[in-house]
Amino acid sequence: MLVFIRSYLSAYDARMGKHFRVMGRLGIPFRFIGWDRDGRPLRTGAHEILYERASRLGARWHNAFAIIGWNLFLARTLFRLRREIAAVHAVDLDTAAAAFLFCRLFGKPLIFDVYDKYTAVRSIDGPAGWLLDALERYIARRADLTLLASEDRFGQMDLPKGLPNVLVLENVPGNQVSATALPKFDGRWRVGYFGVLEPIHRGLEDLMRVASRRSDVELHLAGYGGLEAMVADFAAKHENIHYHGPKGSDAGLELMAEMHAIAGLYYLSVPNHAFAAPNKYYEHLMIGRGLLTTAGTSPGRRVEQHGTGWAIGEGADALDAWLDGLRPEAVETAGRAARALWEERYKDYFEERYVSVYGSRVAELVKASPNG
């Protein structure tokens, strides 16, 4: 049995959902150990084992006791399942440290899936940041298989390219959505955001404030996180702002396909955003909608290079300027370019990289394990 671990719920994790699909295709039994931080109702099945303790995403050191409790829960759960486990697939450093110790003690293969560099997301620097970076790098080099979300991450994590245990696995959707026609422009630009409602660093407050004072934009938001109460309040007070609540991946993509443009802003107040490799970048290609993102980030460089969206500065003024200059022909051109790039480069990525490459490597590790 393969055990996946992430300090989050799998139902809101599109990348984890793809891993589950690969295991289903290969007939490898699996379970998921996750963290239910705020009593969310959405679950993915009986294979889940959840740690249920309240905690805020992005609270850094204020979550110290909860993180300690989470790691103790992981250690106990892994030890209890030790005779069934063939391999462990751990996401990010807050699960990988405990998983690494367990795998070394009991001779299990470890897959280290680096969604994000731990200290860069949490803005941890100084001696603590240096120690955490060194630990993350140590585990990445010694795991049986380490997954990175983009080529940029080699430089960010100070890992040499060519390591035999490292595989780049981009966040390309595993499902296929047919391209649909853009909604007709009726005087309002339909702009959508689907993902974590993270405060401060994702421009969501600016999006809502700009939308609240303009008559030419209709903003649709879906997801959950620290800004949920603010989003609900804006939606209640402004008829052109709509909050759709938490949604699974497929439902969220269906909603985004009804938009003229997808928002995915990554303010550089979080150092990791310079290396962002978000699902949104690939999703905007698949559904054929232009992506509004931040200049100076990896998605910003890519939308500019391929003409699939707009890379703008940070803040409300930049959003106002973008809306003032938006034209139907530019929206149509970005959408067509996005879908064309999907067809050319990513349409078969799930089969070629997730199933054939990642799936084969995992199957080898599981088969070679005493409990495989």
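This briefing describes selected helices, strands and surface residues of the structure shown above. The model is a predicted one, and residue numbers start from 1 along the chain as its sequence is written. Among the elements covered are helix α1, which spans residues 14-26, strand β6, which spans residues 145-148, and helix α14, which spans residues 349-368.

**Helix α1 and its ends**

- Helix α1 has 13 residues, which at 1.5 Å a residue should span 18 Å, and the 19 Å between its end C-alpha atoms agrees with that expectation.
- At the N-terminal end of α1, D13 acts as a cap, with a side-chain oxygen lying 3.1 Å from the backbone nitrogen of R15.
- R15 itself belongs to the buried residues of α1, which are listed in full as R15, M16, K18, H19, F20, V22 and M23.
- After α1 comes G27, a residue whose phi is positive, near 70 degrees.

**Strands β2 and β3**

- Strand β2, made up of residues 30-36, runs parallel to β3 and is joined to it by five bridges.
- One of the residue pairs involved is D36 with E52, the latter being the bridge partner in β3.
- Strand β3, which covers residues 48-52, is mostly covered, since four of its five residues are buried.

**Strand β6 between its partners**

- The residues of β6 point in two directions, with L145 and L147 facing one way and T146 and L148 facing the other, and all of them are buried.
- Strand β5, residues 110-114, pairs with β6 in the parallel sense over four bridges, and in this pairing I111 stands opposite L145.
- Strand β7, residues 166-168, also runs parallel to β6 and is joined to it by three bridges, with T146 standing opposite V166.

**A nonpolar patch on the surface**

- F65, I68 and L72 form a nonpolar patch on the surface, and together they have about 350 Å² of accessible area.
- I68 lies in helix α2, which comprises residues 64-80.
- Because its relative accessible area is 49%, I68 counts as partly exposed, the category that lies between buried, under 20%, and exposed, over 50%.

**A buried glycine in helix α14**

- G359 is found in helix α14, and it counts as buried because its relative accessibility is 0%.
- Although G359 and R25 are 334 residues apart along the chain, their C-alpha atoms are separated by 9.0 Å.

Technical notes: This is a predicted model: local features need pLDDT of at least 70, side-chain atom pairs count only at pLDDT 80 or more; totals for chains, interfaces and linings use all residues. Side-chain values use heavy atoms; hydrogens and water are left out. Patches are made of residues with over 30% relative accessible area and no salt bridge: like charges are joined within 9 Å, nonpolar side chains (Val, Leu, Ile, Met, Phe, Trp, Tyr) within 5 Å. Accessible areas come from the Shrake-Rupley method with a 1.4 Å probe; for residues, only the protein chains shown count as cover. A salt bridge is a side-chain nitrogen of Lys or Arg within 4 Å of a carboxyl oxygen of Asp or Glu. Buried means under 20% relative accessible area, exposed over 50%, partly exposed in between (1.4 Å probe, protein chains only). The expected span of a helix is 1.5 Å times one less than its number of residues. A polar contact is a pair of N or O atoms within 3.5 Å; within protein, one must be able to donate a hydrogen and the other to accept it, and residues adjacent in sequence count only if both atoms are side-chain atoms. Two strands pair if DSSP finds at least two bridges between them.
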